[in-house]
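Grab a coffee and work through a few short exercises on the protein shown here. Try each task before you read its solution.

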Amino acid sequence: MKRLIALLMCMLIPFSALSETLPVVTVQTAWPNGMQVTRTADVPVTTISLDIDPNMLICGVYPEEPTACYDLRHEYGPHELVNFDVHTVTHVEKHEGEGLLWGVDITDYRVENAWEMSEGVLLWGATDWSLDAYGVPRTHWISLLSHEGEVLWSHQMEEWDKLDDLDVALDNGDGTWTLFGTAGYNKEKQLLMRRLSADGTELSSCCTPMADIGLEAMQSLGYNIVWATRDGDGYLLHLRGYMYGYESLSHILQVRNDGAVAQAICHDGDKKRYTWEDVCLIGNELWLSGYAVSLNSYEEDLQSARTEISHILRDAYRRCFGWEVNLGLFSFNLGGKPVTSEWLTPQLRANYTALLLRCDASTGDVLAAYTVPECLGGNLTRDRSGGILWDVHRFVDSAYSPATSSFTIAATMQVYRCGFDDQGSFRWAMDTGEYMDYRR
């Protein structure tokens with residue numbers, strides 16, 4: 001009976017402590033000589049309520065025109081050198097809205113990425129890793145398709161090392177492309193920038209060691225670029241670092257036109273953890289969408305989905321029952337009873353706050369912040385009127401399954417959309433009727 005009362009009391013507590021302390025933002029700037037400058041300041045904050053009358057929506061506020069998307073489907077089959085299946089073909093399909101425009105098969109390599117360029121569709125990929133040990137070295141390829149799906153040319157990139165990776169390709173608008181990726185192993189990891197002509201000829205390249213811009217260089221730490229855009233004569237990149245499932249850094253890199261890194265900026269909380277999901281540049285303002293996780297969810301230097309859920313559960317057990325537990329994910333329960341959605345969903349809401357920052361792109365200084373309690377921040381979309389649309393995901397229900405390989409905690413998230421005008425001011429919020437999955 002005492003446990004039941006404690007559980008009911010826990011579910012009735014208004015979990016607002018996290019949102020009340022947001023946002024104090026730590027902005028850390030790493031310069032190319034390795035020196036780091038840290039600034040911590042209180043930021044003007046607006047807490048958004050999702051309970052807004054849909055009739056208050058501003059007429060004429062719509063996302064930008066939808067862009068084409070590319071679906072890459074891979075097939076595997078036997079190979080004469082090995083007794084297991086290897087990659088045989090990538091089916092590249094172009095979709096616009098609900099319709100399929102065209103499809104083409106690429107057999108020379110596994111296509112990893114596709115980008116829309118003025119001259120056509122740029123493909124990049126590499127041959128199968130598994131054949132490297134059998135005398136077939138891994139090689140990178142790059143191809144250009146016409147806008148109708150015809151292969152115009154395809155080149156093997158012989159000067160690329162097998163550890164080089166390509167994350168983003170940008171159209172410079174002058175018949176050249178800029179490619180960004182990472183390379184290297186152990187403490188020799190580097191940021192790569194290559195400029196190509198529209199026929200695939202490399203015009204210039206630049207390599208910057210991660211350690212030279214104040215970033216960690218560890219054997220097990222990997223990097224990838226999740227977003228990039230042109231910014232005046234240079235570029236802005238969103239660089240993430242991972243260590244065996246841990247997301248240990250998130251930096252915005254300012255890169256000059258010659259490929260040299262001018263500075264690296266990161267945003268985090270004061271005694272909190274911020275995780276960034278999407279970035280958008282409008283004029284000289286950089287918008288960052290993500291979420292804050294309560295301090296109780298992190299008792300380690302590195303953050304990851306694994307530590308995130310384990311400490312949320314530990315904190316929930318402590319708050320509801322006053323017990324300290326040595327949490328083992330494969331034995332966690334509520335006093336011998338299953339973890340239900342009715343109990344778990346409020347615990348998840350209690351530990352998350354959706355967070356949107358509006359920053360000065362040149363300095364990283366935060367101009368304003370917006371929070372939505374009990375939610376996660378999602379995609380950012382440019383608006384035709386010059387404003388921005390922000391997706392916010394709210395927990396609806398959840399499930400706990402430590403024996404499932406794909407997740408330990410899963411949840412259904414209701415998607416809301418918040419609208420900001422061209423001055424950066426919040427104007428409205430609405431229920432989109434859409435739902436998203438949460439997996440940790």
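A salt bridge here is a side-chain nitrogen of Lys or Arg within 4 Å of a carboxyl oxygen of Asp or Glu. Keep in mind that this is a predicted model.

**Exercise 1. Find the salt-bridge partners of Arg-194, and say how covered each residue is.**

Step 1: Start with Glu-202. Its side chain meets that of Arg-194 in a salt bridge, at 3.1 Å from N to O.

Step 2: Now look at Asp-164, which also forms a salt bridge with Arg-194, with the closest N and O atoms 3.4 Å apart. This pair ties together distant parts of the chain: Arg-194 sits in strand β13, Asp-164 in the loop between β10 (151-157) and β11 (165-171), and 30 residues separate them.

Step 3: Check the covering. Arg-194 counts as buried because its relative accessibility is 10%, under the 20% limit. Asp-164, at 8%, is buried too, while Glu-202 is partly exposed at 28%.

**Exercise 2. Does the neighbouring story repeat elsewhere? Describe the salt bridge between Glu-93 and Arg-73.**

Step 1: The closest N and O atoms of this pair are 2.8 Å apart.

Step 2: Place the two residues. Glu-93 belongs to strand β5 (residues 82-96) and Arg-73 to strand β4 (residues 69-79), 20 residues apart.

Step 3: Compare their surroundings. Glu-93 is buried, with a relative accessible area of 16%, whereas Arg-73 is partly exposed at 37%.

Step 4: Widen the view. Salt bridges with shared partners join Asp-71, Arg-73 and Glu-93 into one network. A search of the whole structure turns up 14 salt bridges.

**Exercise 3. Work out what Arg-195 has for company, given that it is buried and has no salt bridge.**

Step 1: Locate Arg-195: strand β13, residues 190-197.

Step 2: Look for opposite charge. The nearest such side chain is Asp-174, 6.2 Å away, so the 4 Å cut-off for a salt bridge isn't met.

Step 3: Look for a polar partner instead. The side chain of Arg-195 makes a polar contact with the side chain of Asn-257, at 3.2 Å.

Step 4: Add the other neighbours. Leaving out residues up to four places away in sequence, Arg-195 touches, among others, Trp-177, Glu-202, Tyr-235 and Asn-257.

**Exercise 4. Explain why Cys-418 is not in a disulfide.**

Step 1: Find the closest cysteine sulfur. That one is in Cys-375, 8.7 Å from the sulfur of Cys-418, which is too far for a bond because the cut-off is 2.5 Å.

Step 2: Note the setting. Cys-418 is buried, at 0% relative accessibility; Cys-69 is partly exposed at 42%.

Step 3: Check the total: the structure holds zero disulfides.

**Exercise 5. Map the largest nonpolar core, then look at helix α4.**

Step 1: Count the core: 21 residues, with Val-25, Leu-236, Tyr-274, Leu-286, Leu-288, Leu-357 and Val-366 having the most contacts inside it.

Step 2: Trace the suppliers. β1, β19, β20, β21 and β22 each provide at least two residues of this core, and β19 gives the most, with four.

Step 3: Look beyond it. Another core of 20 residues lies apart, with Ala-30, Met-193, Ile-213 and Leu-253 among its members.

Step 4: Turn to α4 (residues 341-351), where nine of eleven residues are buried, including Trp-343, Leu-348 and Arg-349.

Terms used
Residues numbered from 1 in each chain as written. Predicted model: local features only at pLDDT ≥ 70, side-chain atom pairs only at ≥ 80, totals over all residues. Heavy atoms only, no water. Buried < 20%, exposed > 50% of the residue type's maximum accessible area, 1.4 Å probe, protein only. Lys, Arg positive; Asp, Glu negative; His and termini not counted. Polar contact = N/O pair within 3.5 Å; in protein donor to acceptor, adjacent residues only side chain to side chain. Contact = heavy atoms within 4.5 Å. Core = buried A, V, L, I, M, F, W, Y, C linked by side-chain atoms within 4.5 Å.
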